[in-house]
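Colleague: I am new to this structure and would like a close look at a single part of it. Could you take me through the place where the two chains meet, and then on to what lies around it?

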Amino acid sequence: MAIAKRAPTDLAKQTFEYAPAPEAIDHVKIEPRYGLFIGGKMVAPHSKKHFPTINPATEQKLSDVVEADEVDVDHAVKAADKAFEGWSRLTPSRRARYIFRLSRIIQERARELAVVETMDGGKPIKESRDVDIPLAAAHFFYYAGWADKLEWAFANRKPRPLGVAGQVIPWNFPLLMLAWKIAPALAAGNTVVLKPAETTPLSALLFADICMQAELPPGVVNIVTGGGKTGSLVVTHPAVKKVAFTGSTEVGKLIARSLAGTGKRLTLELGGKAANIVFDDAPLDAAVEGIVNGIYFNQGHVCCAGSRLLVQESIAEPLLEKLKLRLGTLRLGDPLDKNTDIGAINSKAQLEKIEELVESGVEEGAQIYQPECKLPERGFWFPPTLFTNVSQSYRIAREEIFGPVLSVLTFRTPAEAVEKANNTPYGLSAGVWTDKGSRILWMAERMRAGVVWANTFNRFDPTSPFGGYKESGFGREGGRHGLMPYLELV
Amino acid sequence: MPGAKNGNGRVEVRKTYKLFINGEFVRSESGRAYRFDGNINIPRGSRKDLRDAVRAARGAVSGWSARTAMNRGQILYRAAEMLDGRRAQFVELLGSARAAHKEVDDAVEALVWYAGWTDKLAQVIGATNPVSGPYFNFTIPEPTGVVGIIAPEEPALVGLVRRMAPALCGGNALVVLAPEQTPLPALTLAEVLATSDLPAGVVNVLSGFRKELLPWLASHMDVNAVDVAGCTPDEVTEIEKAAADNVKRVVKHAAGEMSPYLITAFMEMKTVWHPVGV
């Protein structure tokens, strides 16, 4: 093949012209200003403070949202507390029907949600359209079916709901994380106060509208917007019986400390530094796609991202050549364009964090590779990046970057791969690429991680429990196991 | 009390109570002891003893958890046999009343019950998950790693056994803080475990002052979980604060509980996506 004879760097420089293919946004209505969703309706806040939420691809303001204060959070928790008795005693099959409705309305309004998700968060429309929103709907559909089957879920135990769940979610998969939190909580008979991330509140506020459309009983779901302070008010409110948090390990530890001695139930889904391990017998082209999906999916804003590539030494050279080639074909730009692979970095603060860590990688002696890539003038952008010549002690190999930055390390034996993969305080996920089924299971047994993907990566399903070992948190979301944090088993 | 008796003119050979670390009976590296029941010296474990115990436990995790479920069950059952065989000794330690007999019975029963769970747990607690895609997706319980157990003061034997057995059943290695006021059953239980084919380091028993050891156990970065059944509410609060440093699991199940859910409280759920294809 002629293509193989050209130097990869030349190939990477090739430009593939695509006509713009922007997703229509005229069917989406974003209010200039939002209130809070409390007691079944949008209400004016007590707080006088609003803050803008912007489109990170254009830096244009989309809307103003409330920074909910103590009084607002108290209203929301009281509304949830008031709704708890009715909701928890509602005939389970009726509870199920409301949750099924939520799932259906998400499907019906899928494109609207996808567009808002992409505008508010910066992720490519093909991801919000094909991954985030369908999975969110599927999650509600799965847990809806559990609502009237809880007695069958846990052998020899009677399940009881806990009360008000206080839930704080991140900005990387806003609606999907909302679904992971709200669906099992409601199915188990709890009511909810949810705080979406500061930079991505809009899909949660659209979900508030969906709750109203579904005629969900007032107060069963309450949504308060704000930053870290608001989140802290939600989780520490005395009437909140259960706290669920997805976000950074740093904040997770703060929350755990702030709840010490309160008796509140807690689940944490925190950071990661996953190893994606490629053996010499792996189908290389498939592995390259998996590596790309592992770290460049959603700009690397993924807690379970495969941010450390461990490649067997004998194939490191050809694999990296293919990988660099592939990086050159990734299309970075307008997240609303259907051909875009890499969207905008979620916020200025996140971009600065990525830049700082990448700089540390260069300073510590790693070799940086970035394909030629034109960054738009406005907005927050970072090109797909990979580092070779990385030592395990470098910050880029130890710290969660949460950006499109891959650190490449090599290994010789399976035992060395295991040791390097587990050499981290995190333990959320791992990937294994090999043609040998027995090796997949041998490796899977040894990974100290809650999710192990073999010959795939970043795959999610509502039936499949997800969560971390070690400092990646505790508790599982998804599957039967995902019900447990929301139930008392008596 | 045992060790203090001196009947029929016989001069009893008293036992030196020791810590149990990495399969060996050792004195505290600190050289310190505290007086118990008049004239028994109980080793007063130190922060360094705790460090040694955690290191031993960490070293033992991979071997113990890699044992077959059946083998772990057999070893726990063996511990029940050894405990039953020393019934008279434990009854004497516990006060020679009917309650003491009952307590030894209950402790033996706990070991036998959990011995039978080792090879059933994954079937009851695990799952295969019908995901939308060409993957065989399954979830299995795995040990969390090194578990600190703060034994309740009372009941001194069965209280401890009911916490240790589920954590061991799941394949963890333990660092046990013996009750401060009633340390003898815990220290003597180490002798039972030492003769039960349990690999060295899987259970380590420290005696000493709780106030002195608890903060180090709770904040140790290589301990994955702490069982606080034997703690006061104030102690639990302090432990929870310190445990946050490395996201330790703080297990708060009711003290007397016997259930597979207690085993899984010391375990992690692992989900594997295995490809399906020709």
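Modeller: Happy to: what follows starts at the contact between the chains, moves along the sheet, and ends with some details further off. Please keep in mind that this is a predicted model.

Let us begin with the contact itself. On one side, 28 residues of chain B take part, and they are in contact with 36 residues of chain A. Four elements of chain B give two or more residues each to this side: strand S5 (127-129), strand S6 (135-143), helix H9 (233-243) and strand S12 (267-275). S12(B) supplies the largest share, eight residues. By character, the chain B side divides into 13 nonpolar, nine polar and six charged residues.

S12(B) is therefore a good place to look closely, as seven of its nine residues are buried, so the strand is largely enclosed by the rest of the structure. What does S12(B) pair with in chain A? Its partner there is strand S17 (residues 451-454) of chain A, and the two run in the parallel sense over three bridges. You can find this pairing at Trp453(A), whose bridge partner in S12(B) is Trp273(B). Another pair to look for is Val452(A) with Val272(B).

Within chain B, S12(B) also pairs with S6(B), here in the antiparallel sense and over nine bridges. In that pairing, Phe136(B) stands opposite His274(B). S6(B) in turn pairs with S5(B), again in the antiparallel sense, and this pairing has three bridges. One of the residue pairs to pick out there is Asn129(B) and its bridge partner in S6(B), Asn137(B). As general background, strands of a sheet pair through backbone hydrogen bonds, either parallel or antiparallel.

Now step back and follow the whole sheet. It is an open sheet of 10 strands with mixed pairing, in the order S13(A)-S14(A)-S15(A)-S12(A)-S11(A)-S16(A)-S17(A)-S12(B)-S6(B)-S5(B). At its edges are strand S13 (367-369) of chain A and S5 of chain B, each of which pairs on one side only. From one strand to the next, the twist averages 20°. Helix H11 (residues 284-296) of chain A packs on this sheet, where it touches strand S11 (275-278), strand S12 (308-312), strand S15 (405-411) and strand S16 (429-433) of chain A. The direction of H11(A) makes about 170° with that of S16(A).

Next, the nonpolar cores. The largest one has 180 residues, and the members that touch the most others are Ile99(A), Leu111(B), Leu174(B), Val176(B) and Val226(B). Helix H7 (residues 174-187) of chain A contributes 11 residues, the largest share of this core. A second, separate core has 72 residues, including Ile277(A), Ala366(A), Ile401(A) and Ala430(A). To see one member of the largest core in its setting, take Ile99(A): leaving aside residues up to four places away in sequence, it touches Phe140(A), Tyr143(A), Ala144(A), Ala147(A), Ala183(A), Leu186(A) and Ala187(A). In soluble globular proteins, nonpolar side chains tend to be buried together.

Chain B also has a helix that is worth a visit, H6(B). Of its 12 residues, 12 are buried, so H6(B) is largely enclosed by the rest of the structure. Among them are Val158(B), Arg162(B), Arg163(B), Pro166(B) and Cys169(B). At 1.5 Å a residue, helix H6 (residues 158-169) of chain B should span 16 Å, and its end C-alpha atoms are 16 Å apart, which agrees. Following the helix is Gly171(B), which has a positive phi, near 100°. In the loop between strand S7 (146-150) and H6 of chain B you will find Pro155(B). A cis peptide bond joins Glu154(B) to Pro155(B), with omega about -15°.

Finally, two loop residues have a backbone detail to check. Most residues other than glycine have a negative phi, and most peptide bonds are trans. Glu59(A) is not a glycine, yet its phi is positive, about 65°; this residue sits in the loop between strand S3 (50-55) and strand S4 (60-66) of chain A. With 12 C-beta neighbours inside 10 Å, Glu59(A) counts as exposed. Asn22(B), also not a glycine, has a positive phi of about 55°, and lies in the loop between strand S1 (19-21) and strand S2 (24-26) of chain B. Because Asn22(B) has 17 C-beta neighbours inside 10 Å, it counts as partly exposed.

Terms used: Residues are numbered from 1 along each chain as its sequence is written. Chains are lettered from A and ligands numbered from 1 in the order in which they are written. This is a predicted model: local features need pLDDT of at least 70, side-chain atom pairs count only at pLDDT 80 or more; totals for chains, interfaces and linings use all residues. The expected span of a helix is 1.5 Å times one less than its number of residues. A residue is buried if 20 or more other C-beta atoms lie within 10 Å of its own, exposed if 12 or fewer, and partly exposed in between; C-beta atoms are placed from the backbone. Two residues are in contact if their C-beta atoms, placed from the backbone, lie within 7 Å. Ala, Val, Leu, Ile, Met, Phe, Trp, Tyr, Cys and Pro count as nonpolar, Asp, Glu, Lys and Arg as charged, and the others, Gly among them, as polar. Two strands pair if DSSP finds at least two bridges between them. A nonpolar core is a set of buried Ala, Val, Leu, Ile, Met, Phe, Trp, Tyr and Cys residues joined through C-beta atoms within 7 Å. Axes are lines fitted to C-alpha atoms, for helices over the stretch in contact, and angles run from 0 to 180 degrees between N-to-C directions.
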